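Here are my notes on the model you sent over. I've kept them as numbered points so you can follow along with the structure open.

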Amino acid sequence: MAYGSPERLEDVPAYYADIRGGRPVTPERLDDLVARYRALGVEEHNPLNAITEQTRAALERELGLPVFTGMKHWRPRIADAAEAALVTGAGVVVGLVLAPHYSRLSIAGYREQLERALDARAELRMIESWHDFEPFVDALAARVRGTTAHVVFTAHSLPARTLDDGDPYQASCSRRRGSSRRPRTCASGRSRTRASRRRASRGSAPTSSTTSASCTLAACATCSSARSASSPTTSRFAGTSTSRRRIARASSE
Amino acid sequence: MTLRRIEMPNADPDFVRALAELVRQEAGDRAPR
């Protein structure tokens, strides 16, 4: 599952309206978003969605199981992916969001959409976070290993009030950075107060184990894009860590 | 100073294998390998 991206420039108003949940959008903001997508090469075709499809197909080949794309704010919707999985006879659906850190502003929303769409017609196994899943970290580390470069971590920001409510997002970002195998690392982010940073760093996320009793598996997965339109000059994924911790059902759930 | 970005791995084979392992672990022991 992924946030979604409009296929054509003319889709941007409807896409933005979906993100805003019906709240009014000023023409200036809409123009700004159109300009960002245009800068990414979106006119009649969105290269980001093509990347998503490449990743979906690659994962399907690797698993030998059907993998479906579901977008939070565009087509194909998460509900479309759920229906497609059910049509294959799936008894178990694994929910995977291509955003490794848990936040109730992001992952919880995907889960809610998928749960609603499945409507108890299949068992849902939701991967809540995977930011320090070792094979993932290794894949990233391989890209900087053997260099003398400093590593700068960048991450999407959250409103300070969300962190104040105990959201584990920032703390999990810090853990990943702090457990880096490379000593020279630093982080960048925005929209946080010093107090909220302290609170977030004190928080400890609960962990869970996974029981194993499943039948047919259908994985609903897709790819985040190489660059997000809202932040076209930063990558969400950069860092290293040493151990896996799955954050399950944070305090908001 | 030279800036080199680490892009989203996307369909990089190592990344895809990592995702597949993640899904297998979540699915439990009845997921094929």
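1. A contact, in what follows, means heavy atoms within 4.5 Å. With that in hand, start at helix H1 of chain A: what covers its buried residues includes helix H2 (27-39) of chain A. The buried residues of H1(A) themselves are Val12(A), Tyr15(A) and Tyr16(A). Looking down the axis of H1(A), you'll find these buried residues within an arc of 95°, so they line one face of the helix.

2. Before going further, a word on confidence. This is a predicted model. Chain A has a mean pLDDT of 74, and 69% of its residues reach 70 or more. Two stretches of chain A deserve a warning: pLDDT stays under 50 over residues 179-184, and again over residues 189-253. The model does place contacts there, counting those beyond four places in sequence: 21 for residues 179-184 and 209 for residues 189-253. Where pLDDT is low, though, the predicted coordinates should not be read in detail.

3. Now the overall picture. Chain A has nine helices and six strands, and 49% of its 253 residues count as buried. About 11,800 Å² of chain A is exposed, with carbon and sulfur atoms supplying 50% of that area. If you take the contacts in chain A between residues at least 6 apart in sequence, 80% of them join residues at least 24 apart.

4. Back to H1(A), this time to its end. Arg20(A) sits in this helix, which spans residues 12-20. Is Arg20(A) buried or partly exposed? At 25% relative accessibility, Arg20(A) counts as partly exposed. A polar atom of the Arg20(A) side chain lies 3.1 Å from the backbone oxygen of Pro24(A). Right after H1(A) comes Gly21(A), with a positive phi near 60°. For a sense of distance, Arg20(A) and Ser103(A) are 83 residues apart in sequence, and their C-alpha atoms are 18 Å apart in space.

5. H1(A) also takes part in a salt bridge. Side chains of opposite charge can pair when their charged atoms come close. Here the side chains of Asp18(A) and Arg77(A) meet, at 2.9 Å from N to O. Asp18(A) lies in helix H1 of chain A, while Arg77(A) is in the loop between strand S1 (67-68) and helix H4 (78-87), so the pair ties together parts that are 59 residues apart in sequence. Both ends are partly exposed: Asp18(A) has a relative accessible area of 26%, and Arg77(A) also comes out at 26%.

6. Arg111(A) is worth a look too. Which residues does Arg111(A) form salt bridges with? One is Glu115(A), with the closest N and O atoms 3.3 Å apart. Arg111(A) and Glu115(A) both lie in helix H5 (residues 107-118) of chain A, four residues apart, about one turn of the helix. An α-helix has 3.6 residues a turn, so residues three or four places apart point the same way. Another partner is Glu128(A), where the closest N and O atoms are 2.2 Å apart. That second pair links distant parts of the chain, since Glu128(A) is in the loop between strand S3 (123-127) and helix H6 (134-141), 17 residues from Arg111(A) in helix H5.

7. How are those three side chains placed relative to the surface? Arg111(A) is buried, with a relative accessible area of 5%, and Glu128(A) is buried as well, at 3%. Glu115(A), by contrast, is partly exposed, with a relative accessible area of 38%. The cut-off for buried is under 20%.

8. On salt bridges as a whole, the search of the whole structure finds 15 of them over all chains. Among the residues involved, Arg8(A), Glu10(A) and Asp11(A) are joined into one network by salt bridges that share partners.

9. Last, a residue in helix H2 of chain A: Tyr37(A). Tyr37(A) is buried, with a relative accessible area of 4%. The C-alpha atoms of Tyr37(A) and Glu7(A) are separated by 10.0 Å, and these two residues are 30 apart along the chain.

Methods. Residues numbered from 1 in each chain as written. Chains lettered and ligands numbered in written order. Heavy atoms only, no water. Helix = DSSP H or I, 4+ residues; strand = E, 2+ residues; numbered from the N terminus. Buried < 20%, exposed > 50% of the residue type's maximum accessible area, 1.4 Å probe, protein only. Polar contact = N/O pair within 3.5 Å; in protein donor to acceptor, adjacent residues only side chain to side chain. Areas by Shrake-Rupley, 256 points an atom, 1.4 Å probe, with all protein chains shown as cover. Salt bridge = Lys/Arg side-chain N within 4 Å of Asp/Glu carboxyl O. pLDDT = per-residue confidence, 0-100. Arc of directions from axis to C-beta.
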